[in-house]
Amino acid sequence: MKEQEQPVLTLKHFNKFFGPGCPYCREKPENRRNGYCPKCHTVYACQDISLSLYRGEIVGIVGESGSGKSTLMQALYFDNAATGGEYHLEAYQNGKENIFSSSRQQQKWVRNMLLGMVYQNPTMGLKMNFSARSNIAEKMIAAGNRNVHSMVARSDVLLDQVHIPPARRKDSPCNFSGGMQQRVQIAKALANEPPILLLDEVTTGLDLSVQADVLELIQEIQRERQNSVLVVSHDLSVIRMLADRTVVMLNGRIIEEGLTDQILEDPQHPYTQQLVYSLL
Amino acid sequence: MIREKHFAFLDENSKREIRRALLKAVAIPGYQVPFASRELPIARGWGTGGVQITLSLVGKGDTIKVIDQGSDESVNAVSLRSLIQETTGVSSTIHTAQATLIQTRHRIPERPLKEGQILVLQVPLPEPLRNVEPSEYKTKKLHGEADYSGVWLKMFEDIMRYGQVATDADHPVCVNGRYVMAPSPIPRFDNPKMNGSPALMLFGAGREKKIYAVPPYTKVVSLAFDDYLFQRERFAGKKCRLTGLTNVYLDELTDEKTGEVYYQTNDSSYLLEYLNREKEGETE
């Protein structure tokens with residue numbers, strides 16, 4: 001019998017709370033009102049989320065704003081500390097170590113070497129006053145590269161791939177258009193050839209033709225490198241175009257998951273039904 | 001009522017607190033130790049960190065030397081020296097070799113330091129990560145995690161923009177393979193003097209309330225990329241007008257009458273010693 005394939009990313013019972021929590025809300029989840037405790041004002045941003053991602057797969061995460069999508073992504077990228085749960089990556093200690101309880105240095109290593117993040121807001125992912133090349137070099141410097149020529153060569157290859165013209169590579173992203181900023185972020189995320197990409201609302205705020213460009217670029221890169229990708233979006237057309245599997249989140253919980261076509265054509269949960277049928 | 005002044009201006013408890021910070025600083029080379037930073041009859045940012053270290057270390061047997069950008073005779077150097085002497089009565093010298101305690105601003109003397117000597121540097125900005133991360137809370141964490149990519153990124157950006165690393169003074173160094181440290185605004189010319197120095201080097205930032213140290217014989221490496229090596233200021237084809245020296249840090253000066261540009265050794269006591277030795281040679 002063939003051994004079952006191991007996922008590249010496994011998340012088990014992930015929780016993220018903002019606030020102290022009290023016996024009223026901690027012991028009885030049914031007392032939480034939409035992920036919020038009316039007594040101690042603790043916000044339960046992510047509750048008991050389990051997720052797995054396989055090699056070369058794109059998983060979409062949809063949900064309304066406030067459903068905990070971005071909090072989940074930030075915890076996976078160690079921008080926020082998790083309150084609880086287990087996080088395993090196949091490429092780190094063969095998936096045996098819970099990275100949430102690893103040292104901060106180890107987490108930074110994972111973040112630099114195994115993950116690439118593209119934020120909704122480029123100001124979070126880029127240093128706006130540094131040149132585009134330096135922004136890409138930042139990841140390589142963090143990974144220990146101390147050779148200027150090799151870093152310049154590598155960032156030029158990446159900037160070529162995301163179609164930033166050579167004349168603009170010394171400019172700072174603050175002088176770039178929104179679409180260009182997003183493309184620089186994608187190049188930065190790819191700097192150390194990470195096996196996993198995290199894309200948080202990458203096309204939100206871009207106009208339609210630029211959206212199409214960015215999405216096409218992501219597909220192209222993913223096909224070429226066989227990255228595993230986690231895509232967060234509230235835009236169902238983005239999910240339909242990119243994702244193989246989809247997870248639907250509401251009030252910090254996963255309420256439905258399955259193949260993207262299945263979810264979009266035959267939604268089971270009332271919220272998903274509402275979401276799918278409210279498409280204009 | 002008789003009110004005697006404290007020896008070395010500061011009260012004993014303050015001096016003890018500073019010495020305790022110094023011990024910790026020596027124990028963890030390059031690590032910035034916070035200290036209380038007392039009020040002095042000098043404004044903060046005018047050398048109060050260095051002065052407090054000197055005042056808390058000076059004993060009756062010490063010989064002090066105070067320099068300001070290489071000069072023993074500038075207003076700052078003279079004023080600080082007279083503050084220390086008036087409150088302690090110790091003797092002073094301009095000769096680097098004779099001093100036991102040297103307080104300096106922005107230079108390390110040209111004459112190599114010896115074992116047993118202490119060099120105290122005045123520091124305006126002790127945090128090498130400050131221009132990449134404004135929050136002290138975050139820079140402390142970055143030091144803890146030895147995450148210095150911000151410093152490297154700044155240097156990389158300089159190379160992208162100007163074709164070279166653009167720090168002229170205060171070029172960051174890595175001390176003992178662990179902490180990245182701002183060496184105070186000494187020229188890059190002086191950076192290599194810190195590496196393996198037999199003398200103890202202490203850094204005091206009075207306004208920022210930080211003390212740090214490079215103990216004797218500690219490895220101090222100026223940060224540089226593999227293919228963009230660290231370089232001292234170069235004075236190719238230039239020499240000191242008075243001595244003809246070429247292996248020293250030179251000041252560029254302009255003759256106000258003729259508009260002629262000339263160069264002169266920056267370390268005034270080294271210059272004087274050299275000239276006196278030449279004169280002795282002539283009379284003998």
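**Figure 1. Burial and overall build of chain A in the predicted model.** In chain A, 43% of the 280 residues are buried. Eleven helices and nine strands make up the secondary structure of this chain. Its radius of gyration is 19 Å, close to the 19 Å that the globule rule gives for 280 residues, so chain A is as compact as a globular protein of that length. Along the principal axes, the C-alpha atoms of chain A fill a box of roughly 60 × 50 × 45 Å. Contacts across the sequence are well worth a look here: of those in chain A with a separation of 6 or more, 68% join residues 24 or more positions apart.

**Figure 2. A close-up of the largest nonpolar core, centred on A:L199.** In soluble globular proteins, nonpolar side chains tend to be buried together. The largest nonpolar core here has 129 residues, and A:L199 and A:V231 touch the most other members. Leaving aside residues up to four places away in sequence, A:L199 touches A:V118, A:I218, A:V229, A:L230, A:V231 and A:V232. A second core, separate from this one, has seven residues, among them B:F189, B:C240, B:Y249 and B:Y270.

**Figure 3. Helices α7 and α8 of chain A, side by side.** Two packed helices are described by the angle between their axes and the distance between the axes. For α7(A) (residues 178-189) and α8(A) (residues 208-225), the axes come within 10 Å and cross at roughly 10°. With a crossing angle under 35 degrees, α7(A) and α8(A) are therefore roughly parallel to each other. From α7(A), the residues A:G179, A:Q182, A:R183 and A:I186 meet A:V210, A:D213, A:V214, A:L217 and A:I218 of α8(A). Sorted by class, this contact has five nonpolar, two polar and two charged residues. Readers coming from the previous view will recognise A:I218, one of the residues that A:L199 touches.

**Figure 4. Helices α1 and α2 of chain B, packed at an angle of about 105°.** Here α1(B) (residues 12-27) and α2(B) (residues 48-57) have their axes 9 Å apart. The two helices are therefore roughly perpendicular to each other. On the α1(B) side, the contact is made by B:K15, B:I18, B:R19 and B:L22, and on the α2(B) side by B:Q52, B:I53, B:L55 and B:S56. These residues divide into four nonpolar, two polar and two charged.

**Figure 5. Where chain B touches chain A.** Chain A brings 16 residues to the contact, and chain B brings 14. On the chain B side, seven of these residues are nonpolar, six are charged and one is polar.

Technical notes:
Residues numbered from 1 in each chain as written. Chains lettered and ligands numbered in written order. Predicted model: local features only at pLDDT ≥ 70, side-chain atom pairs only at ≥ 80, totals over all residues. Contact = placed C-beta atoms within 7 Å. Nonpolar A, V, L, I, M, F, W, Y, C, P; charged D, E, K, R; others polar. Core = buried A, V, L, I, M, F, W, Y, C linked by C-beta atoms within 7 Å. Buried ≥ 20, exposed ≤ 12 C-beta atoms within 10 Å, placed from the backbone. Helix = DSSP H or I, 4+ residues; strand = E, 2+ residues; numbered from the N terminus. Rg over C-alpha atoms; globule rule 2.2 N^0.38 Å. Axes fitted to C-alpha atoms, helices over the stretch in contact; angles between N-to-C directions. Parallel < 35°, antiparallel > 145°, perpendicular 65-115°, else oblique.
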